[in-house]
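Work through the following exercises with the sequence and the three-dimensional structure side by side, and try each task before turning to its solution.

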Amino acid sequence: MKRRVVITGMGTINPIGHNVEETWKSIREGVCGIAEITQMDTTNFRLKIAGEVKDYEPEKFLEKKEARKMDRYTQFATIAAREAMKDSGIRIEEEDPYRCGTIISSGIGGLKTNSEEHSRGVERGFEKLSPFYIPMTIANMAAGQIAIETGFKGICTCVVTACASGNNAVGEAFRNIRDGYTDVMMCGGSEACICEMGVGGFTVMKALNLTNDPSRASIPFDAERSGFVMGEGAGILILEELEHAKARGAKIYGEIAGYGATCDAHHITAPDPEGMGAASCMRMAVEDAGLTPEDVDYVNAHGTSTPLNDAGETKAIKAAFGDHAYKMMVSSTKSMTGHLLGGSGAVEAIITTKALQEGFVPATINYRNPDPACDLDIVPNEGRKADIRCAISNSLGFGGHNATTLFRKWEEA
């Protein structure tokens with residue numbers, strides 16, 4: 001018998017909030033977190049804007065000594081994990097630590113540190129690098145650091161699937177609990193790639209919107225969309241087996257009931273234009289939950305604001321849900337946060353959970369020009385009160401990776 005899995009703790013730091021409360025307030029108000037880049041000199045770059053974490057100084061959140069040994073992406077993950085742990089009320093001394101696991105992902109890892117240390121090596125010699133260079137840059141280190149801090153001794157791993165990483169982490173953590181391997185999982189994703197290498201790399205591959213107007217940059221489903229906007233931050237969730245959560249009197253935010261993961265097997269960066277892989281992924285998540293397409297009320301779309309993604313994802317939703325696609329609400333919160341790459345799926349899992357809990361569907365902000373290829377109800381510009389009970393969240397990554405998680409509103413039986 002499959003075990004039920006619930007969400008009992010959440011934490012985040014991202015372009016529209018330093019915690020879950022701030023983030024959800026911004027979501028309800030339709031706040032745009034995209035602004036001028038402050039982390040680097042953009043004089044010689046065409047791109048001038050991104051979704052940075054605002055007013056961020058590591059010492060406000062972490063001890064100076066520990067912050068110096070972490071890349072920015074690990075700092076974000078640690079900050080979000082501490083919020084999630086405190087929120088959950090879990091005390092490791094009251095748990096079997098080998099039944100508590102950690103899956104925290106990053107699509108790229110410590111790119112900022114990698115860039116800085118390479119420059120140091122060129123200038124001073126490569127035997128003058130920081131002794132923390134390697135552990136600061138590897139993509140699994142956020143998971144390792146957080147497991148050390150929490151004392152979680154069960155599975156500790158890092159799914160690296162580009163922009164699907166955070167969503168895959170949540171889905172794999174769900175399966176670990178549902179199938180009986182663990183009782184508690186810390187899961188999510190983190191990214192911090194707003195640096196010369198990151199901005200330059202994504203620019204030359206023509207992935208980014210180079211319009212330096214924050215109100216016209218991240219515009220999912222709009223006919224004028226031309227690329228995504230880089231974001232940064234982390235989202236961390238605590239998942240628990242239902243009876244375990246009830247036994248300790250935990251508050252429950254929502255339930256994860258299904259998960260799908262597929263691959264387009266089509267192209268290293270471009271999604272399948274017909275959306276067949278993504279459609280199969282959504283169907284898989286719905287079937288995994290024992291539901292029908294008509295049970296789903298809302299889709300938190302991957303919605304990156306690229307021409308190919310948004311049109312392809314729209315086709316995928318229609319293929320997965322048929323006529324019901326026109327009855328669902330489908331919005332992209334990347335219109336507010338930008339694209340957090342490997343952190344996006346986890347932050348969006350938190351937003352989707354809050355949407356179900358609060359009965360409020362987030363808007364796709366800054367929408368002006370309809371595109372016939374994106375003709376679903378994208379909740380344009382203003383969020384909407386709605387009694388939604390079931391929602392899915394999509395993440396699609398370079399390499400053809402697709403991940404869909406299905407969430408249900410928590411209601412005591």
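The exercises below concern aromatic contacts and internal cavities in this predicted model.

**Exercise 1.** Determine how the rings of tyrosine 56 and phenylalanine 76 are arranged, and state where in the chain each residue lies.

*Solution.* Start from the overall count, which comes to five aromatic pairs. In the pair formed by tyrosine 56 and phenylalanine 76, the ring centres are 4.9 Å apart and the planes meet at 65°. Because an angle over 60 degrees counts as edge-to-face, the pair is assigned to that class. Next, locate the partners: tyrosine 56 belongs to the loop between strand 3 (49-50) and helix 2 (64-67), whereas phenylalanine 76 sits in helix 3 (residues 72-88), so that the pair links distant parts of the chain, 20 residues apart. Then consider exposure: tyrosine 56 has a relative accessible area of 11% and is buried, and phenylalanine 76, at 0%, is buried as well. Finally, Tyr56 and Phe76 form one aromatic cluster together with Phe61.

**Exercise 2.** Classify the pair of phenylalanine 202 and phenylalanine 398, and decide whether each partner is buried or partly exposed.

*Solution.* The centre-to-centre distance is 6.5 Å and the angle between the planes is 45°, and the pair is tilted. Phenylalanine 202 lies in helix 8 (residues 196-204), while phenylalanine 398 lies in the loop between strand 13 (390-397) and strand 14 (401-409), with these positions 196 residues apart in the numbering. Phenylalanine 202 is buried, because its relative accessible area is 11%, whereas phenylalanine 398 counts as partly exposed because its value is 28%.

**Exercise 3.** Which residue lies over the face of phenylalanine 360?

*Solution.* The residue is arginine 28, placed 4.3 Å from the ring centre of phenylalanine 360.

**Exercise 4.** Describe the cavities of 30 Å³ or more, giving the volume and the lining of each.

*Solution.* A search of the whole structure finds two such cavities. The largest holds about 50 Å³ of space, and its lining includes Asp264, Pro271, Leu308, Glu313 and Asn402. Helix 11 (residues 307-321) contributes the most to this lining, with four residues, and by character the lining of the largest cavity divides into four nonpolar, four polar and three charged residues.

Turning to the second largest cavity, its volume is about 30 Å³, and among the residues that line it are Thr78, Arg82, Ile146, Glu149 and Met186. Helix 3 and helix 6 (141-150) each supply at least two residues of this lining, the largest share, four residues, coming from helix 3. The lining of the second largest cavity comprises four nonpolar, two polar and two charged residues.

Notes
Residues numbered from 1 in each chain as written. Predicted model: local features only at pLDDT ≥ 70, side-chain atom pairs only at ≥ 80, totals over all residues. Heavy atoms only, no water. Phe/Tyr/Trp six-rings, centres within 6.5 Å; stacked < 30°, edge-to-face > 60°. Buried < 20%, exposed > 50% of the residue type's maximum accessible area, 1.4 Å probe, protein only. Lys NZ or Arg CZ within 6 Å of the ring centre and 35° of its normal. 1 Å grid on protein atoms, 1.4 Å probe; cavity = no way out; pocket = protein on both sides within 12 Å on 5 of 7 lines; lining within 4 Å. Points joined across faces, edges and corners; volume = space filled by probe spheres on them. Nonpolar A, V, L, I, M, F, W, Y, C, P; charged D, E, K, R; others polar.
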